[in-house]
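I opened this notebook to record how the helices are arranged against one another and which residues make the contacts. The entries follow the order in which I looked things up.

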Amino acid sequence: MGIIAALIIGGIAGWLAGLIVRGAGFGLIGNIVVGIIGALLASWLLPQLGVSLGAGWVRDIINATIGAVIILVILSLIRR
């Protein structure tokens with residue numbers, strides 16, 4: 001996946017994760033950054049666990065959203 005595609009997918013994933021994890025977000029820009037980091041986390045972690053969800057862009061967005069949700073939950077626990 002190219003850098004531009006990773007940024008777009010990470011941005012979408014961060015926005016979706018902000019909607020899923022209400023009250024734990026960091027605003028639009030912060031959630032996009034968390035989405036990009038989540039995309040990196042999920043692209044490494046999920047294949048290690050043998051998890052494969054969908055194909056193509058859909059898989060990438062789902063994986064990145066899962067990673068972003070995980071990061072948002074962890075960060076919200078740390079902030080408390």
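**Entry 1: α2 against α3.** I began with the residues that α2 and α3 share as a contact, keeping in mind that the model is predicted. On the α2 side I listed Asn-31, Val-34, Gly-35, Ile-37, Gly-38, Ala-39, Leu-41, Ala-42 and Leu-46, and these meet Asn-63, Ala-64, Ile-66, Gly-67, Ala-68, Ile-70, Ile-71, Leu-72 and Leu-75 in α3. Sorted by class, this contact of α2 with α3 has 13 nonpolar and five polar residues, and no charged ones.

I then turned to the geometry of the pair, for which two quantities serve: packed helices are described by the angle between their axes and the distance between the axes. Helix α2 covers residues 27-49 and helix α3 covers residues 56-79, and the two pack at an angle of about 115 degrees with their axes 6 Å apart. I therefore noted α2 and α3 as roughly perpendicular to each other, and their crossing as right-handed.

**Entry 2: α1 against α2.** Next I looked up helix α1, residues 3-20, which packs with α2 at an angle of about 120 degrees, the axes being 6 Å apart. That angle makes α1 oblique to α2, and I recorded the crossing of α1 and α2 as right-handed. From α1, the residues Ala-6, Leu-7, Gly-10, Gly-11, Ala-13, Gly-14, Trp-15 and Gly-18 meet Leu-28, Asn-31, Ile-32, Gly-35 and Ile-36 in α2. By class I found seven nonpolar, six polar and no charged residues in the contact of α1 with α2.

**Entry 3: α1 against α3.** For the remaining entry on helix pairs, I found that the axes of α1 and α3 come within 8 Å and cross at roughly 50 degrees. I therefore entered α1 and α3 as oblique to each other, with α1 passing α3 in a right-handed crossing. The α1 side of this contact consists of Ala-5, Ile-9, Ile-12, Ala-13, Leu-16, Ala-17, Gly-18 and Ile-20, while the α3 side consists of Trp-57, Asp-60, Ile-61, Ala-64, Thr-65, Ala-68, Val-69 and Leu-72. The classes in the contact of α1 with α3 come to 13 nonpolar, two polar and one charged.

**Entry 4: two residues of α3.** I picked out Ile-61, which lies in helix α3, and checked what it touches: not counting residues up to four places away in sequence, Ile-61 touches Ile-9, Ile-12, Ala-13 and Leu-16. Ile-61 and Gly-11 are 50 residues apart in sequence, and their C-alpha atoms are 9.4 Å apart in space.

I also followed Val-69, whose place is in helix α3. Is Val-69 buried or exposed? Its relative accessible area is 19%, so I entered Val-69 as buried, the cut-off for that word being under 20%. Leaving aside neighbours within four places in sequence, Val-69 is in contact with Ala-17, Ile-20 and Val-21. Val-69 and Ala-13 are 56 residues apart in sequence, with a C-alpha to C-alpha separation of 8.7 Å.

**Entry 5: the nonpolar core.** Last, I asked which residues form the largest nonpolar core. I found seven residues in it, namely Ala-17, Val-21, Val-34, Ala-68, Val-69, Ile-71 and Leu-72. The largest share of this core, four residues, comes from α3.

Notes. Residues are numbered from 1 along each chain as its sequence is written. This is a predicted model: local features need pLDDT of at least 70, side-chain atom pairs count only at pLDDT 80 or more; totals for chains, interfaces and linings use all residues. Side-chain values use heavy atoms; hydrogens and water are left out. Axes are lines fitted to C-alpha atoms, for helices over the stretch in contact, and angles run from 0 to 180 degrees between N-to-C directions. Angles under 35 degrees count as roughly parallel, over 145 as roughly antiparallel, 65 to 115 as roughly perpendicular and the rest as oblique. A crossing is left-handed if the near helix is turned anticlockwise from the far one by less than a right angle, and right-handed if clockwise. Contact means heavy atoms within 4.5 Å. Ala, Val, Leu, Ile, Met, Phe, Trp, Tyr, Cys and Pro count as nonpolar, Asp, Glu, Lys and Arg as charged, and the others, Gly among them, as polar. A nonpolar core is a set of buried Ala, Val, Leu, Ile, Met, Phe, Trp, Tyr and Cys residues joined through side-chain atoms within 4.5 Å. Buried means under 20% relative accessible area, exposed over 50%, partly exposed in between (1.4 Å probe, protein chains only).
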